[in-house]
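Please find below my note on the structure, set out as numbered points. I suggest reading each point with the model in view.

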Amino acid sequence: MHKAPRGTFDILPQEHAYWKYVEEKAASLCQLYGYQPLSTPIFEDAQIFTNTVAGGTDIVDKEMYIFEDKSGQELALRAEGTAPVCRAYLEHGLFNLPQPVKLYYIGPAFRYERPQSGRYRQHHQFGFEALGEADPALDAEVIEMARHFFCSLGLSQFIIQLNSIGCKLCRPGYLEVLRQHYSGYTDRLCPDCKVRLVKNPLRLLDCKKTPCQEIAKTAPKIANYLCHECHLHFQSVQKYLGVMGIPFQLNPRLVRGLDYYTRTVFEVEPRENGGQTALGGGGRYDNLIEELGGKPTPAVGFAAGLERIILNLKKQKLDIPALPRPDVFIAYLEEEAKTEAMKLASELRKAGIAVIMATGDKSLRGQMRQADSLDIAYALILGEQEVSKRNVMLRDMRSGEQKTIPSVEIARFLKQPKI
Ligand code: AMP
């Protein structure tokens, strides 16, 4: 028996109520803040990710799905949403529009991770990006928008963690101090952190292993090494968050999984969990567009994982609107009635009434059982008598009551608002 590949899953019809709920909230949030939809391909030139996310991060070193196509071109399944959005921004000359350009996406991302609850090899992200503006007000707006999103879903038990990781000018100085701090503890570092110490020291700060976390606790804080501009930028972000009443926690060890971030980084975590299960995260990435071949262009954005959101909606037992059900089921007794039933089904659908038409050779009882299992409000039954008199039998599936109605009136009846 074949199964979905490890770390992936099917989304069955009953689950889709959650997906629809989250996707609709995402779309109306973006409308509220002036973000427009953008869809990018599921695979890209591998370099879109490898040249930007930078070596030394798990996402590039260990988790990318990279393959050669039949022409020998190296492609990668989308590992995250931001780099493709920037590629599209450059490819379509969106930098010529008034800035910032505000875009959002919803789609799958692929990472070869160790599967566990809330961590998959194919997951789905909702992300929004504001490109072409350095104003700290935009960082604060993006954070406020992320919060607005979770609140609109009915999720309120989360914390926003905030940090600044500086820029090209001030970060190298900090990394040197950080390296020096960790060099005193090399014998206690996990094997991954030994590599990070050489390749990517900032990531030392968010290692989840206990001995490494102990060393991180006494590490120098980046806030003390920010250049004047980064310091002012960070102060302004906090001021704007303050006036908008957005609660946040400063976390000097927050660095994020992708290396293109500059200045503001933030993460949204459920209150009762540790850092393993972030609902979403984002920040500023002022160098990414330049790394992709564009002019230096500041930008800021956020992405959330849909699976983790849905896990939390279920955990909090939130009431999600059910998917709309078809209005009627049409049943028939013999071939002549079946022909009339087909005609009726087609006419009702043209009138905008959702119909499930019985098929096959089930008995009337079998057809009614099917209608019951579909949780449909009305069944229309056609037999010889109904056909000859141009009537239909209408059965209220909840009460079991039946009445005969002329065929020509059935659409009007079904469209009447029901109590
Ligand atoms: P990132 O692109 O790493 O910033 O991820 C953005 C969000 O996507 C995270 O905060 C998670 O909610 C979600 N996410 C990331 N990786 C996974 C994964 N492997 N499985 C499920 N959700 C994920």
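1. In which sense do strand β15 and strand β16 pair, and over how many bridges? The model is a predicted one, and in it these two strands pair in the antiparallel sense, over 5 bridges. Strand β15 covers residues 391–396, while strand β16 covers residues 402–406. Within this pairing, Val392 of the one strand stands opposite Ile405 in β16.

2. The turn of this hairpin also merits attention. Between β15 and β16 there are 5 residues. In this hairpin Gly400 takes a positive phi near 85 degrees.

3. The next point concerns a sheet. Eight strands form an open sheet with mixed pairing, in the order β1-β5-β6-β11-β10-β9-β7-β8. Its edge strands are β1 (36–37) and β8 (249–250), each of which pairs on one side only.

4. One pairing can be followed in detail. Strand β7 (residues 158–164) and strand β9 (residues 262–270) run antiparallel and are joined by 7 bridges. Here Ile159 stands opposite Glu269 in β9.

5. Is Pro108 buried or exposed? This residue lies in strand β5, which spans residues 101–110. Pro108 has a relative accessible area of 15%; because buried means under 20%, Pro108 counts as buried. Leaving aside neighbours within four places in sequence, Pro108 is in contact with Ile42, Arg78, Gln122, His123 and His124. Lys317 is 209 residues from Pro108 in sequence, and the two are 25 Å apart in space, C-alpha to C-alpha.

6. Which residues have the most contacts inside the largest nonpolar core? That core has 94 residues, and the ones with the most contacts inside it are Phe128, Phe149, Phe150, Tyr182 and Ile309. Taking Phe150 as an example, and not counting residues up to four places away in sequence, Phe150 touches Leu155, Phe158, Val268, Leu279, Phe302, Ala304 and Ile309. Another core lies apart from the largest one and has 31 residues, among them Phe329, Ala337, Leu380 and Met397.

7. Finally, the cavities should be described. How many cavities of 30 Å³ or more does the structure hold? There are 4 of them, and the largest has a volume of about 50 Å³. Residues lining the largest cavity include Tyr174, Leu205, Pro252 and Arg253, and the lining also includes Ala216, Lys217, Ala219, Pro220, Lys221 and Ile222. By class, this lining has 7 nonpolar residues and 3 charged ones, with no polar residues.

Conventions:
Residues are numbered from 1 along each chain as its sequence is written. This is a predicted model: local features need pLDDT of at least 70, side-chain atom pairs count only at pLDDT 80 or more; totals for chains, interfaces and linings use all residues. Side-chain values use heavy atoms; hydrogens and water are left out. Two strands pair if DSSP finds at least two bridges between them. Helices (H or I, at least four residues) and strands (E, at least two) are DSSP runs, numbered from the N terminus. On a 1 Å grid over the protein atoms alone, a cavity is a set of points where a 1.4 Å probe fits but cannot get out, and a pocket is an open set with protein on both sides within 12 Å along at least five of seven lines; lining residues have an atom within 4 Å of a point. Grid points are joined across faces, edges and corners, and a volume is the space filled by probe spheres set on the points. Ala, Val, Leu, Ile, Met, Phe, Trp, Tyr, Cys and Pro count as nonpolar, Asp, Glu, Lys and Arg as charged, and the others, Gly among them, as polar. A nonpolar core is a set of buried Ala, Val, Leu, Ile, Met, Phe, Trp, Tyr and Cys residues joined through side-chain atoms within 4.5 Å. Buried means under 20% relative accessible area, exposed over 50%, partly exposed in between (1.4 Å probe, protein chains only). Contact means heavy atoms within 4.5 Å.
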